[in-house]
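I opened my notebook to record what I looked up in this structure, entry by entry.

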Amino acid sequence: MDFAGALPLADGRYLARSGGPEGAESVLVLQRVGAPAAGRRKRRPRRVEAGDDPAALTLSRATAIRAFAPLPDEGEAARWLDEVCEAEDTIDVLVDEGLALLNRALHAQAVSAASPRANAELGAEAAERILVGYGSGEEVAASRFRDARAVDVGPRASRRRQREEELRPQERVAALLGGRERLDTCETLLLRARADLDAGRDREAALQLRVGLEALLAELKGALADPGHEKDMGLLGERKSEVGAAANAALQGELSEEQRQAVEELLEISERVLRRRRVLRG
């Protein structure tokens, strides 16, 4: 996966295991391509001529290696790549898997460096190019492939619908920046809960959801004269104690499967409440 600009992680190879020291192994390789020559940054402003081109950007290449699923030989690897490229769903799974590994590393970097501004996660739409391929251990460790295919993981909706989806956030951004509308606290908190849950950080998601749900129930009470809104708000109020129990459990250790399911269900209902409000308000 190629991204424009530099990532906060240093170049190198990172071994990752899922589920503890004995878990399945993956390897993340980071490499900066076309990086400008290193030099001391000058703090003093310097004159720039009108029409000067911007400086060339670094390209960051992240390679996610599925070390837990080696292929026996090149013939089998070629068949695997052909089959993968025939199924869009399989491509999406592989890309999501690679992004999850990269975002796990970015989150670890942000926490280790105590840098809240570096905690943004990357999505497929941020990539300049995405390849799926195979190679020997030495090749993939150097971010090279024996054979690879460029894949398109962009939105597959119609152009008209895609344009509508792009315009809605733009219209709200304009309203927020212009002071015609304000953000509710619950929106930020629930976004953080979703990011944590999708990344497998269940404990953090439970703690974020507890506060986010409290804010939503307070801020959106009576926000819409709509039966669906009232029904969902009532359901969230009735099941609020489940989120509290999950958050309390998160302070002690891992959530049970039942608690994680409750967090996921109640977060989805909360997101539905926010989506309904956006749609009905136009």
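The entries below go through two helix pairs, the nonpolar cores and one strand residue.

**Entry 1, ground rules.** I am working with a predicted model, in which local features need pLDDT of at least 70 and side-chain atom pairs count only at pLDDT 80 or more, while totals for chains, interfaces and linings use all residues. I number residues from 1 along each chain as its sequence is written, and side-chain values use heavy atoms, with hydrogens and water left out.

**Entry 2, helix 5 and helix 6.** I looked up how these helices (DSSP runs of H or I, at least four residues, numbered from the N terminus, as are strands, which are runs of E of at least two) are placed. Their axes come within 8 Å and cross at roughly 160 degrees, where axes are lines fitted to C-alpha atoms, for helices over the stretch in contact, and angles run from 0 to 180 degrees between N-to-C directions. Helix 5 and helix 6 are therefore roughly antiparallel, a label for angles over 145 degrees, whereas under 35 is roughly parallel, 65 to 115 roughly perpendicular and the rest oblique.

**Entry 3, helix 6 and helix 9.** Helix 6 (residues 202-219) packs against helix 9 (residues 257-281) at about 40 degrees, with the axes 10 Å apart, and the two are therefore oblique to each other. Residues in the contact (heavy atoms within 4.5 Å) include A205, A206 and L209 of helix 6 and V263, L266 and L267 of helix 9.

**Entry 4, the cores.** I then turned to the nonpolar cores, which are sets of buried Ala, Val, Leu, Ile, Met, Phe, Trp, Tyr and Cys residues joined through side-chain atoms within 4.5 Å, with buried meaning under 20% relative accessible area (1.4 Å probe, protein chains only). Which residues of the largest nonpolar core touch the most other members? Of its 26 residues, they are C186, L190, L209, L216, L236 and V263. Helix 6 gives the most to this core, with seven residues. V263 touches L197, A205, A206, L209, A246 and L255, not counting residues up to four places away in sequence. A second, separate core of 25 residues includes M1, A77, L99 and L106.

**Entry 5, R61.** Finally I looked up R61, which is found in strand 4 (residues 59-65). Leaving aside neighbours within four places in sequence, R61 is in contact with residues including M1, D2, R129 and S143. The C-alpha atoms of R61 and S270 are separated by 36 Å, and the two residues are 209 residues apart along the chain.

Definitions and conventions. Buried < 20%, exposed > 50% of the residue type's maximum accessible area, 1.4 Å probe, protein only.
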